[in-house]
Number of protein chains: 2
Amino acid sequence: MEHHHSYNTLRVKSIGIDTYRENIVYMRADCHICQSEGFTALTRIVIHHHEKTIVATLNVVHSDLLGVDEAALSMEAMKRLDVVDGDCLTFSHLENINSLSYVRAKMYHDQLTEQQFNEIMKDIVAGKYSNIELAAFISACSDDNLSVPEIIGLTKAMINAGQSISWEKSVVLDKHCVGGLPGNRTTPIVVSIVAAAGLTIPKTSSRAITSPAGTADTMEVIAPVDLDMDEIKKVVEKENGCIVWGGAVKLSPADDILISVEKSLDVDSQGQMIASVLSKKSAAGATHVVIDLPVGKTAKVRTHEIALQLQHDFESVAQAIGLQLQVIITDGQQPVGRGIGPALEAMDVLAVLRNEKTAPTDLKERAITLAGALLELSGEYAPGTGNNMARSILETGSAWAKFQAICQSQGGFREPAFAPYHFEVCSDKEGVVTAIDNRKLARVAKLAGAPQSASAGILFNAPLGKQVSVGDTLFTLYAHTKGELEYALTYLKTDNIITIE
Amino acid sequence: MEHHHSYNTLRVKSIGIDTYRENIVYMRADCHICQSEGFTALTRIVIHHHEKTIVATLNVVHSDLLGVDEAALSMEAMKRLDVVDGDCLTFSHLENINSLSYVRAKMYHDQLTEQQFNEIMKDIVAGKYSNIELAAFISACSDDNLSVPEIIGLTKAMINAGQSISWEKSVVLDKHCVGGLPGNRTTPIVVSIVAAAGLTIPKTSSRAITSPAGTADTMEVIAPVDLDMDEIKKVVEKENGCIVWGGAVKLSPADDILISVEKSLDVDSQGQMIASVLSKKSAAGATHVVIDLPVGKTAKVRTHEIALQLQHDFESVAQAIGLQLQVIITDGQQPVGRGIGPALEAMDVLAVLRNEKTAPTDLKERAITLAGALLELSGEYAPGTGNNMARSILETGSAWAKFQAICQSQGGFREPAFAPYHFEVCSDKEGVVTAIDNRKLARVAKLAGAPQSASAGILFNAPLGKQVSVGDTLFTLYAHTKGELEYALTYLKTDNIITIE
């Protein structure tokens, strides 16, 4: 039985505030718990409900938003504590969070052990860290502050902090692209080719965090992606592959939390990125993984030197956790295909799979390269034969048939459509396209509403080297509402995205 | 004239949420600005009202807390933007905050210049940094990551980002204690002695952030401390000294913001601490400063080696910014005096000033040491004569007379009182007090309501070396309400604060 101490309880009032992932508790200034804990600092407080416990940051309410015996929680905190309106919360002081001493040690440049990373990840998944504490951890682990043994420890800790899937197969394939390249949506094509070749590739993908589309967002335009573990297993059993959202299966929940803060800091932390990618692959049950590493001035990896270092570290960590891994360094100077945003990217994917004449060849060739590498890495196809085999599977229509079968299995195929509002952005000078800012292009697509509005985004028409005249369309902006279109256009006016010389 | 673009405006609704210092904007999920900016990450957005602009973090509302054309702001954000209920807000995208690139550079161990620190501090004071970004800056500057030239740059940048006072005197004295020692309330005594000696000592103090009392909180029990610049100048002109709250005069606003996040991370960053202390002293117009550095296992400075390093760095930075400075390393093993909490500390201060027989001698002797050092540092008293002079001023009643005059000048003297509820914490064994956890003792005083309830706190009765029997009172807990008393007692039960052997 829970002990309800009359001095330490308040009733939950639901006020519907979404703080993303951070646990916030709202209390009236005149409530005595609030008085005791103090609100001149960013106070952290422990909240209990039945067997569940969270740590939350205190926000103080100076209005009648709450009654004197009420407290409100951010939506994520309500979910974590499993409470609804009217439930009774018990409060207590925050004792030390032991693993924070390791974070401080890391700030002081100590080497952390796998066990210490384990404790940190466990507490992060339990929701015990504030965003400030997460930022301190990320900052302390940024740049080259993590040694390879530490990256291995962090990777294992991330795997341990979540669920893992076992497929009971000796070869389970997977792929990952180190992002930053708008429209680089090879996954549905690669999975279709590899599954059509009879190999197992249970692909879980993420939704966008700061980009205009994640693979899961794009795939969702064509078929349902929100499958639970049992449903995923059925699809893969039947079709060898799937293309689903990984969020529902909680493969690396610590990583999901860290990534949100990491992105908001806009730091490129190679060690954390490797741990993030490989923990997810390993937890998803992959045994053989191909990593696509696009290199370009406005891609995530900016130089060839960084790419080589990254390749080396990826290989070292993969070996330590028992993964077969191949890194493929690719060209990351410009968007891939024409579409940026879920529906527009889905159109590119379908055009390639259907072998349409107008299909973007850059997307097709990238997909063939990656699929070919996976076929060879599996050991089922001899070195040097993967590419031709992948091309043949794609061009004969086997991949398209497999893709349709996967979509049926996931809940049914649907055709993407254009958004109702659009605006053509035209060139105001004549010349040749010499540079494209991928980051700004992604920003515009996002401001137009992608990925929340699946059909919003950009249809890109100005690849590097293209000769353009005054008035030629550089790209078309699509939006679901006039307001979103206008909002994106105000940004466009201030910024130079495409260089024409 | 302000341009109200119909797509980018919402009306303010006041909902009274205090997030401490962070700017938060609350928007409905179905509002198109919210849709465009996206809420899957910790989105930052620019908000305009007339000439003022802030950057805020987006929280999404999924309830009827807000109307569809409304947005709410955290209380600090409303103050910064100078808006009230019904005012019209304009929104725009956040372009890069340029100074964040220096924060990232510091994360990658670059040396920052004074100019770069200037830009960072300017943006922090303008409210452009989220708590996550502040945490990254603090983390990057923690431990020994700041060189002495960088500490100097940071100190100057903090001074530049706020107001400075000029006293038009060649000698203006000040003191500072590097905290962590409950009850160490020497300031009112030191100021009274030094001012009685005819020297200028315009002392601005802080309120508590995570401790049970700041000097301003303690002094406020005895006299008003919330004076503006003109009032402070009048008091000092008349009495040579004052003991006021520094917050109203915004001497180092960047520091005020950084400290809140720093404390919540519980990191000891020496470089930032030195910059914090010396920027405030310099901005307050001090020319000669004595630093009290208590050393003890549970004090802020834990070893003599750290104290010596700190002394060296304090001296280097002081010299670079033109301050005469003396560091005094003192014993920091246990609380000073008997009271912990504003009113209880004020009683100790008054007992010393009034030369009462029961006055705590440790507090008295510490005050004399610091006052003596200031008298000598001023150049007005020969080396070796300061201590005797300070003692004489105190014991003859001159300091008490000066203190009363200062109180009158600040708005009137009042006598502190005990809180209505108390609980005696007794020893359950016989032996000698061998260790005291200052941090936990401070925590209990805080949970009892200090400093929000000025009369709450601890009357301490178990100094190191004291022989105690079973049932002897170790300390008495005071609280303003029964609820606060109970809340503090639940913590007591779980923790060992005083070791008896």
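**Close-up views of a two-chain predicted model**

**View 1. Surroundings of B:Ala136 in helix 5 of chain B.** B:Ala136 lies in helix 5 (residues 131-140) of chain B, where helices (H or I, at least four residues) and strands (E, at least two) are DSSP runs, numbered from the N terminus. This is a predicted model, in which local features need pLDDT of at least 70, side-chain atom pairs count only at pLDDT 80 or more, and totals for chains, interfaces and linings use all residues. Residues are numbered from 1 along each chain as its sequence is written, while chains are lettered from A and ligands numbered from 1 in the order in which they are written. B:Ala136 counts as buried because it has 30 C-beta neighbours inside 10 Å; a residue is buried if 20 or more other C-beta atoms lie within 10 Å of its own, exposed if 12 or fewer, and partly exposed in between, with C-beta atoms placed from the backbone. Leaving aside its neighbours within four places in sequence, B:Ala136 is in contact with A:Ala135, A:Ser139, A:Leu265, B:Val103 and B:Met107, contact being defined as C-beta atoms, placed from the backbone, that lie within 7 Å.

**View 2. The contact between chain A and chain B.** In this view, 59 residues of chain A are in contact with 57 residues of chain B. Helix 5 of chain A gives the most to the side of chain A that touches chain B, with 7 residues. Where the chains meet, strand 2 of chain A and strand 5 (residues 52-61) of chain B run antiparallel and are joined by 2 bridges, and two strands pair if DSSP finds at least two bridges between them. Within strand 5 of chain B, B:Val60 is the bridge partner of A:Asp18.

**View 3. Chain A superposed on chain B.** A rotation of 180° with 0.0 Å of shift along its axis superposes chain A on chain B, with an RMSD of 0.1 Å, the fit being made by least squares on the C-alpha atoms of residues with pLDDT of at least 70 in both. The two copies are therefore related as by a two-fold rotation axis.

**View 4. An open sheet in chain B.** In chain B, 4 strands form an open sheet in the order 13-16-18-14, and the pairing is antiparallel. Strand 13 (339-340) and strand 14 (421-426) of chain B are the edge strands, each pairing on one side only. Strand 16 (residues 457-460) and strand 18 (residues 473-479) of chain B pair in the antiparallel sense over 4 bridges, and B:Phe460 stands opposite B:Phe475 in strand 18 of chain B.

Technical notes: Contact = placed C-beta atoms within 7 Å.
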